[in-house]
Every structure is written in C-alpha cells, then in structure tokens.
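Me: Can we go through this one together? I'd like to begin with cysteines and then move on to aromatic rings.

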Amino acid sequence: MRKKAYFLIIFFCFLPLFWVDADTIGQKTDFIIDPSYSPSNQNKISATLRKVSSHLYFYFDDNWWNNLNPQEVKNMEDIMIDLSNEFDSTIYPKATALYGTEWNPGIDRDSKITLLFYQMKEEMKGYFRNTDEYEKIVAPLSNQREILYLNVDNIYSPLLNEFLAHEFSHLIMFNQKERKYGKSEEVWLNEARAEYLITYLGYNQKDNSYLDKRIKDFLEKPSDSLTQWDNEAYDYGIINMFVHYLVDQYGVEVLTESIKTNKTGVESIDYVLNSLGKQKTFADIFTDWAIASYLNDCSYSQRYCYKDSKLKNVQLIPFNNFLPLSGESSLSVGQT
C-alpha cells in the first residue's frame, strides 16, 4: 500500500505592528513650550507625570513641583482628583456632545490628553498649539501628543475647570475643522466657541463667574473690534457678549453647524444662517447686537435685548463731546 505524505505549508504574513507604551506615573519628559508665554522666554521644560485618570495625564514642571512642601503636595493631589473627576463627568462628555470629539487616539496613538502645568506670565491662563498635532518631520517643534498647557499659578483658582474647558475646546476644534477640512478657523470665532462652552457647561451660573469677568472687560472697552484678534482681555470681552447674543437669538446650532463646513469666520456664519432658513446675515445680526448693547430692553423688540440672566443689566452709555457755549473752540474726532 502506497503511503501518501501530506505537508501543511503555513505562510506567515508579517505586518508592521503599531503600539504605544502608555505614560506611567513618575515618568519624566522634556516638553517644548511657547517662549512667548514664559516669564523667562523658556522654550523647553522638564516635567514629571504625577497622575493618570481616565482621560488625562497630569504633568507638572519639575522646578515648580520640587519647591512644594508636603502639605502643598497633598493639596495638589486633591486638586488633581477633583479636576480629573470634573473633566470625566462633565467637561469631556458635554463638550464632545456639543462640538464633536478631539482626535482620538490622535497623533501619539494614545487616547489620553496631556495636561502640562507650568509657570506662565501672570495674565496667561493657558493655551493650545496646533503644532503638537503634527509629526516632528513636518513640525520640528511638535510635542507629538494631544496636549493642553495650563498656568500652574492658577492651580488654586476657582475657575480652573473653566480654563481647562476653554483649552479643551481648541483641541476639539483642531480635529473638527482643521484636520477634517484642512481649514484654520478665524481666531475670533474659535475663541467665541471656546468661551460659550463655559456657559453651556453651566459654570457661569455662580457669582463671580468667568462670564462676570468678561462682562467687565467688555464694558471697559466696548469699541474693541469683534473680528480683529490681538489676544487682549477686551477681545474676550466683546466676543462673549456677541456669542451669547447670537446663541440666545438664533440657537447654538449656529455655532455647531458652522464647524461642519470648510467655510470659516463670517462666511461660515452666513452659510449656516442661510441653511437654517434664517432671514438674517452676519452684518444684520451685528447691527441688532450693537443696538441691544445700547438699549438692552425687550419691550422695544426681542432683538434688542440679551436673554441670558447674567447679561440682562449690561448697557452701554454712549460718550459725548461737549463744547463751550461761548468763545472759540475746536474739536477733532476720528473713529472707525
């Protein structure tokens, strides 16, 4: 009887495997930072991972952390727990439901977002860099991770949740606008969405809220340009007033739908107003808002008042120029 031999030949296909080692507590990392935000114009710091939560890595500048006493270290641990819980339960789910998600797992193939706390200039709250969302071969100054920078001087601030929420919205906007459509949003509208998110999260209902500060900024300089961005407090003041008026009158869809187009700035707002069947243009709304800021009285028209309870008492007083009733005088005024 002839025996037959059977050979099983197995072919292995070798495919590249991609994995990322998660950051571990105690890990030290060098980060590139924006020197314009640093009091000493630093462009790099060393930081250590102090806590890991469901969504966040908490890194702190080593030079700052090493000067803490034991009680201060304990305070930091409590703050990190509170902030991570607030982010997981409120900021992340509500912000992503409103605007969409960040790039996840992102440039670093890690689902967690890095928070880097270090000492910035006094007036700075935090920032986000689009640069970090690109490979170093494209952007040599990239940290190649989803990262938000927060001023550690505000670690005890009652507005820390607000500062984090604001910067997180920029991380979302990068993914939803720049990465999807290849378009960089105009700064004023990007900031307007970030500022409105704080109200959407319910943080502005308390006394001495984030919005209360922005109202004061607006009243100090209401003539500031809405669309020209100089990164001053007055810029944030005016966009807060406008974005709250816009949403109260025409719905938050004007903000959310304007993300889902390759149009930017005023053009994106006009596009959404038209698609929603609103018989208004951005220019029309700007005029109505200017009148509302002067009158702020719904009895004239629903268009001429703020609906948000925080803004019901906001009212601008027009300035006057007085000339003497007798004698010679001259007056020269220039405005845009």
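Me: Is Cys305 buried or exposed?
Reply: In this predicted model, Cys305 is buried, with a relative accessible area of 1%.

Me: And which residue is Cys305 joined to?
Reply: A disulfide joins Cys305 to Cys298, with an S to S distance of 2.0 Å, and the structure holds one disulfide. The link is right-handed, with 95° about the S-S bond.

Me: How does Cys298 count, then, buried or exposed?
Reply: Neither, because its relative accessible area of 34% makes Cys298 partly exposed, the range for that class lying between 20% and 50%.

Me: Switching to the rings: how many aromatic pairs are there?
Reply: The count comes to 20 aromatic pairs. One of them is Tyr127 with Tyr149, whose ring centres are 4.4 Å apart and whose planes lie at 5°, so the pair is stacked.

Me: Where do Tyr127 and Tyr149 sit in the chain?
Reply: Tyr127 belongs to strand β5 (residues 126–127) and Tyr149 to strand β6 (residues 147–151), so that the pair links distant parts of the chain, 22 residues apart. Both Tyr127 and Tyr149 are buried.

Me: What about Tyr134 and Phe174?
Reply: Tyr134 and Phe174 form an edge-to-face pair, with 5.8 Å centre to centre and 90° between the planes. Tyr134 lies in the loop between β5 and β6, whereas Phe174 is in helix α3 (residues 160–181), 40 residues apart. Tyr134 is partly exposed at 31% relative accessibility, while Phe174 is buried at 4%.

Me: Which residues form an aromatic cluster?
Reply: One aromatic cluster is formed by Trp188, Phe218, Phe242, Phe282, Phe286 and Trp289.

Note on methods. Residues are numbered from 1 along each chain as its sequence is written. This is a predicted model: local features need pLDDT of at least 70, side-chain atom pairs count only at pLDDT 80 or more; totals for chains, interfaces and linings use all residues. Side-chain values use heavy atoms; hydrogens and water are left out. A disulfide is a pair of cysteine sulfur atoms within 2.5 Å. Buried means under 20% relative accessible area, exposed over 50%, partly exposed in between (1.4 Å probe, protein chains only). Rings of Phe, Tyr and Trp (its six-membered ring) pair if their centres lie within 6.5 Å; planes under 30 degrees apart count as stacked, over 60 as edge-to-face and the rest as tilted. Helices (H or I, at least four residues) and strands (E, at least two) are DSSP runs, numbered from the N terminus.
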